[in-house]
Amino acid sequence: MDHNSNSYIPKLAKIIEIKEEVGGARAVKTFRTQFIEDNGFIHKPGQCAMLSVLGKGEAMISISSSPLEKDYLQFSILKMGRVTSALHETQEGDVIGIRGPYGNSFPMEKWKGKNLIFIGGGIGLAPLWSVLSTALGKKQEFGNLALFYGARTSQDVVFKQELEELKNKMTVHLSIDVEEPDWKEYVGFVPLNILDKKPSPKNVITITCGPPIMIKFVIQNLQALGFKDEQIYTTVENKMKCGIGKCGRCNIGLHYVCKDGPVYSWAELKNLPQEY
Amino acid sequence: MDKILLKKAFPQWVKKLQAYRLIAPTKDGNIWIYEAVTTPEDIDLEFLTTALSPKKIIFPQREVYFEFEKGDNDNPEIKETLPEDDPTIVFGVRPCDAKAVTLTDMVFGGDFEDVYYWKRRNQTYLVGLACNTPPNPNCFCLSVDGSPHSKDGLDILLTDLGDKYYVKSFTKNGDKLLNLAKNLFKQPSAANKKELQKIQTESEKKIIRQINNLKKVPPKLKDMWDSPFWDEEAMSCLRCGICTYMCPTCHCFDINDEVHSSAPLKGQRIRTWDTCQFPDFTMHSSGHNPRPDKASRLRQRIMHKFKYFVEKHKNYQCTGCGRCVTKCPVSIDIIEVLEKVRDYGS
């Protein structure tokens with residue numbers, strides 16, 4: 001990245017595809033974007049980008065596409081605040097602003113030869129998707145791949161079609177929180193599904209993204225199954241404005257999540273104050 | 001470069017300095033503020049601590065990042081609005097406020113350089129005035145590695161020697177400003193140097209407020225995260241944020257888009273000062289707030305200034321100007337808070 005350039009100016013990108021993942025009160029849409037002018041934007045799995053809807057503001061969103069995908073950047077966005085609501089109102093062909101990529105990334109180089117277990121809840125599948133699809137794209141570099149994914153209801157499951165296709169490529173354990181008539185898979189919270197399936201910790205790295213409460217119990221249950229702190233990776237989010245460690249609001253202790261995070265191993269995160 | 005400038009020659013030097021935008025302390029009612037001056041008489045060098053430090057000249061309270069406009073069919077246009085070329089002298093900077101600029105330099109520099117900050121910073125000259133007597137009864141610069149005659153951040157430091165100024169230039173830029181009126185400056189005599197020394201020593205003795213052993217505070221803070229101390233200290237806080245808005249070292253900011261309701265597709269993206277003392281500063285859009293109460297926000301303010309910044313930048317993020325102590329409407333006194341931290345548990 002050219003650090004002498006103006007970090008605050010977004011680059012214009014066209015929304016080339018919008019897919020509704022979840023409707024209703026917890027609406028999620030997936031956006032695929034292409035920069036109008038090539039600008040050398042190259043991200044690593046786990047990194048985020050600051051999306052602009054001009055006139056509304058900016059929001060930091062994790063990039064859900066793999067860097068192996070050269071044709072577009074993908075973001076899956078839960079409608080939550082001012083900017084994400086404005087994004088949900090955009091149409092294909094609309095132009096938004098993007099700056100970044102920001103933050104650290106999953107240390108996939110260190111994971112070569114290991115089995116990877118991805119554990120996601122709700123919209124937490126979006127940040128996982130970038131690292132998961134990168135691992136799939138370089139399958140020969142890793143051992144077995146598996147995914148645990150849960151949502152509140154079957155309606156809240158994101159990437160429904162992709163998950164069906166994924167079942168041909170890796171082990172997929174789906175769950176929803178409460179019973180529904182046509183649901184054939186696990187019923188219960190994601191951490192309980194992990195205890196139910198009892199994955200072995202041997203030569204495994206786990207990557208978990210989701211609501212803080214889910215992450216907390218996923219980690220507890222992984223530890224109960226014998227996983228070490230160094231085998232557990234997660235992402236943290238905090239309110240962000242600048243993305244470059246200056247505006248002063250996303251810090252956890254002396255770490256700025258926008259710059260030093262969002263990816264942490266539990267070995268690192270457990271020593272930081274609970275300020276997220 | 002050491003020089004002597006007679007006070008009666010001072011207006012002539014100021015006239016030369018007006019080749020630049022010249023900003024200096026001026027009296028406005030009961031307070032002093034840094035403002036552009038047009039005549040030497042506008043400058044009041046008998047000033048007490050100014051309401052705001054000169055931070056606002058380099059890091060203004062409102063900065064426009066860019067202007068944007070979107071037609072109905074065209075792609076939006078973004079027009080970067082960098083600060084203009086406008087070389088500026090800030091005259092009469094207190095050493096604490098000049099040192100504070102070296103601290104904001106650390107924040108806005110580093111691996112992502114903030115182009116707005118540096119455009120202003122690189123064309124700003126800082127001409128200091130030593131504090132022969134503390135300009136604020138709550139001055140405590142000596143406790144935070146500063147002094148009333150420190151040169152940190154300054155191009156030039158003036159010390160009042162009665163009918164003359166002892167003028168020290170520390171940088172090439174400082175020399176340049178002296179050379180604008182070369183003939184006004186004389187070589188200091190041995191007696192002048194002796195007098196300077198005496199005034200400097202005396203000025204330090206006049207600073208009443210001190211925190212002994214502040215170096216014990218950063219390691220102490222390590223074990224105080226969950227302490228009820230923060231609740232007790234923050235009890236009276238009104239969440240007004242004045243401690244941070246007046247602070248010469250605080251740098252937190254917000255970024256927002258400003259549009260007029262009649263033209264929602266045309267507007268500006270702006271940066272404005274913000275403060276960790278406001279409840280919504282860290283609030284997620286979900287409503288979750290990692291710093292939900294006054295205690296956690298006071299803790300952040302103290303931890304940032306006396307632990308995180310020390311670990312990251314090897315400096316306290318405080319220069320002892322005393323503004324936050326003087327201005328706090330409920331008398332939360334950072335000196336007392338730090339003394340209590342130092343003595344906590346012992």
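The dialogue below goes through a predicted model of two chains, A and B, and asks what lies behind the words used for it.

Tutor: This is a predicted model, in which local features need pLDDT of at least 70 and side-chain atom pairs count only at pLDDT 80 or more, while totals for chains, interfaces and linings use all residues. Residues are numbered from 1 along each chain as its sequence is written, and chains are lettered from A and ligands numbered from 1 in the order in which they are written.

Student: Why is chain A called as compact as a globular protein of its length?

Tutor: Chain A has 7 helices and 15 strands, where helices (H or I, at least four residues) and strands (E, at least two) are DSSP runs numbered from the N terminus. The radius of gyration, taken over C-alpha atoms, is set against the globule rule, which is 2.2 Å times the number of residues to the power 0.38. For the 276 residues of chain A the rule gives 19 Å, and the value of 18 Å is close to that, so chain A is as compact as a globular protein of that length. The C-alpha atoms of chain A fill a box of roughly 50 × 45 × 35 Å along the principal axes.

Student: What makes the same description fit chain B?

Tutor: Chain B comes to 12 helices and 12 strands. Its radius of gyration is 22 Å, close to the 20 Å that the globule rule gives for 346 residues, so chain B too is as compact as a globular protein of that length. Along its principal axes, the C-alpha trace of chain B spans about 65 × 65 × 40 Å.

Student: How do you know that Pro134(B) is buried or exposed?

Tutor: A residue is buried if 20 or more other C-beta atoms lie within 10 Å of its own, exposed if 12 or fewer, and partly exposed in between, with C-beta atoms placed from the backbone. Pro134(B) has 22 other C-beta atoms within 10 Å and is therefore buried. Pro134(B) is found in the loop between strand E7 (124-129) and strand E8 (156-160) of chain B.

Student: And what is the verdict, buried or exposed, for Lys270(A)?

Tutor: Lys270(A) has 12 other C-beta atoms within 10 Å, so Lys270(A) counts as exposed. Lys270(A) belongs to the segment after helix H7 (266-269) of chain A. Over the whole of chain A, 51% of the 276 residues count as buried, while in chain B buried residues make up 43% of the 346 residues.

Student: Why are the buried residues of helix H5 of chain B said to be on the same side?

Tutor: In H5(B), residues 172-179, the residues Gly174(B), Leu177(B) and Leu178(B) are buried. They cover an arc of only 100° around the axis, which puts them on the same side of H5(B); the arc is that of the directions from the helix axis to the C-beta atoms. An α-helix has 3.6 residues a turn, so residues three or four places apart point the same way. On the other side of H5(B), Lys172(B) and Asn179(B) are exposed.

Student: Which residues does Pro134(B) touch, and what counts as a contact?

Tutor: Two residues are in contact if their C-beta atoms, placed from the backbone, lie within 7 Å. Leaving aside residues up to four places away in sequence, Pro134(B) touches Cys139(B), Lys206(B) and Ile207(B). With the same exclusion, Ile207(A) touches residues including Phe106(A), Leu116(A) and Tyr233(A).

Student: How many residues make the contact of chain B with chain A, and what classes are they on the side of chain B?

Tutor: The contact takes 39 residues from chain B and 31 residues from chain A. On the side of chain B that touches chain A, the largest share, 6 residues, comes from E11(B). That side divides into 21 nonpolar, 8 polar and 10 charged residues, where Ala, Val, Leu, Ile, Met, Phe, Trp, Tyr, Cys and Pro count as nonpolar, Asp, Glu, Lys and Arg as charged, and the others, Gly among them, as polar.

Student: What makes two parts of chain B separate domains here?

Tutor: Domain bounds come from an automatic or database domain assignment, and for chain B this gives domain 1 (2-205) and domain 2 (214-343). Their centres, taken over C-alpha atoms, are separated by 25 Å, and 32 residues of domain 1 of chain B are in contact with 27 residues of domain 2 of chain B.
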